[in-house]
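The following exercises are to be worked with the sequence and the coordinates at hand. Each task is followed by a solution in steps.

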Number of protein chains: 2
Amino acid sequence: MDHTPDITVLRLGHRPGRDERITTHVGLTARALGADRVIFAGDAASRADTVEDITDRFGGPFEVETTDSPLGVVRNWDGTVVHLTMYGLPIQEIESEIREVVEANNPLLIVVGAEKVPFSVYEKADWNVAVTNQPHSEIASLAVFLDRLFEGDELDREFENAERVVVPKDTGKLVKEPEK
Amino acid sequence: MDHTPDITVLRLGHRPGRDERITTHVGLTARALGADRVIFAGDAASRADTVEDITDRFGGPFEVETTDSPLGVVRNWDGTVVHLTMYGLPIQEIESEIREVVEANNPLLIVVGAEKVPFSVYEKADWNVAVTNQPHSEIASLAVFLDRLFEGDELDREFENAERVVVPKDTGKLVKEPEK
């Protein structure tokens, strides 16, 4: 898949204090692995600043939004909805079907939840997708889902308007300012 | 790759309070996506209990260890060492080479760090591997690395001695006690 589809990641169920870094990682993973934007619940607004700061420094385009009604975003989504959950169908069995539909039916909303996700999300989702049926991490599930959806193409993506670029090295660190 | 290689994930740099849930997610991701054990630094011992509790309920085998000398684990590792870092070489360019060596040269140690990883880790690593050269999440990097190392076979793994098993469903939740 090329980077045509418009992909939004919605983070449900942020618990202030407890989930700060998890929510940040969801946002940064969405950006690094090819999504176009992330939406946080309103009480995660401070996390939005962190993700925007990374986008300013390492490039975009990538949008960060907050909403007071995350369930409204799901309910009113006009496009495809994928909900990542350990209770869903195995990703390896449905990923090619999802890829076809996403290519034909933009935009895609990927919902990642915390512990309790309302049943309405399961019902609205076109697919409830499990990256294993084991309890682990919404960050890990999102990463594997995006890597499989894009079939690895997201790894070669270049970001625009970066203030700094990491140059791959076999040992150590090399960071450059890109040429204008 | 079948599940022959012996794979340990080492979590460096746990900061109490700030990193509790991130460290838990590292451990659960290691378990769910095919690693054999996780090692936490000693001050993450409470996280070890959480991961062991999941293993008790959802099955194993999976080992959780703590160490007072995580850098000693790296230094003395007799086998292959992979360090996941945004400064490393692109995973898509080196994964098949890594897979070959890991199949021949057990055991594998996968090191995931926090913000500051000592240079000695970069030097000791057989590969410093980047899942994109963008800042995101050690959980996401670990997930993509394991999924690519196993070429997806880890998703079909069955766990032993589980008290409960999630049955994949297109909508909703179904959890069973396995037959003995």
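A residue is buried if 20 or more other C-beta atoms lie within 10 Å of its own, and exposed if 12 or fewer do. The model is a predicted one.

**Exercise 1. Determine what share of chain A is buried, and describe the overall fold and dimensions of the chain.**

Step 1. By the criterion above, 46% of the 180 residues of chain A count as buried.

Step 2. Chain A contains six helices and eight strands. Read from the N terminus, their order is β-α-β-α-β-α-β-α-β-α-β-α-β-β.

Step 3. The C-alpha trace of chain A spans about 50 × 35 × 30 Å along its principal axes. A compact globule of 180 residues would have a radius of gyration near 16 Å, and chain A, with 16 Å, agrees.

Step 4. Of the contacts in chain A between residues at least 6 apart in sequence, 80% join residues at least 24 apart.

**Exercise 2. Classify A:Glu179 as buried or exposed.**

Step 1. Locate the residue: A:Glu179 lies in the segment that follows strand 8 (175-176) of chain A.

Step 2. Count its neighbours: 5 other C-beta atoms are found within 10 Å, so A:Glu179 is exposed.

Step 3. Relate it to another part of the chain: A:Ala162 is 17 residues away in sequence, with a C-alpha to C-alpha distance of 9.8 Å.

**Exercise 3. Examine helix 6 of chain A and helix 1 of chain B for length and burial.**

Step 1. Helix 6 of chain A (residues 138-149) has twelve residues, which should span 16 Å at 1.5 Å a residue; the end C-alpha atoms are 16 Å apart, in agreement.

Step 2. Twelve of the twelve residues of helix 6 of chain A are buried, among them the charged residues A:Glu138, A:Asp147 and A:Arg148. Just after this helix, A:Glu151 adopts a positive phi of about 50 degrees.

Step 3. Helix 1 of chain B, with 13 residues, extends 18 Å from first to last C-alpha, close to the expected 18 Å. Eleven of its 13 residues are buried, including B:His25 and B:Arg31. Just after helix 1 of chain B, B:Gly34 has a positive phi of about 100 degrees.

**Exercise 4. Establish how chains A and B are related and which parts of chain B touch chain A.**

Step 1. Chain B is superposed on chain A by a rotation of 180 degrees with 0.0 Å of shift along the axis, at an RMSD of 0.0 Å. The two copies are therefore related as by a two-fold rotation axis. In chain B, the C-alpha nearest that axis belongs to B:Ala140, at 2.4 Å.

Step 2. The interface brings 43 residues of chain B into contact with 42 residues of chain A. On the side of chain B that touches chain A, elements supplying at least two residues each include helix 1 (20-32), helix 2 (45-58) and helix 6 (138-149). Helix 1 of chain B gives the most, with six residues.

Step 3. By class, this side of chain B has 22 nonpolar, 13 polar and eight charged residues.

Step 4. Since 98% of the interface residues of chain B are also interface residues in chain A, the copies meet through the same surface.

**Exercise 5. Which residues touch the most other members of the largest nonpolar core?**

Step 1. The core has 105 residues, and those touching the most other members are A:Ile110, A:Val111, A:Leu142, B:Ile110, B:Val111 and B:Leu142.

Step 2. Beyond its neighbours within four places in sequence, B:Ile110 is in contact with B:Ile7, B:Val9, B:Val82, B:Leu84, B:Leu142 and B:Phe145.

Technical notes. Residues are numbered from 1 along each chain as its sequence is written. Chains are lettered from A and ligands numbered from 1 in the order in which they are written. This is a predicted model: local features need pLDDT of at least 70, side-chain atom pairs count only at pLDDT 80 or more; totals for chains, interfaces and linings use all residues. A nonpolar core is a set of buried Ala, Val, Leu, Ile, Met, Phe, Trp, Tyr and Cys residues joined through C-beta atoms within 7 Å. Two residues are in contact if their C-beta atoms, placed from the backbone, lie within 7 Å. Copies are superposed by least squares on the C-alpha atoms of residues with pLDDT of at least 70 in both. Helices (H or I, at least four residues) and strands (E, at least two) are DSSP runs, numbered from the N terminus. The expected span of a helix is 1.5 Å times one less than its number of residues. The radius of gyration is taken over C-alpha atoms; the globule rule is 2.2 Å times the number of residues to the power 0.38.
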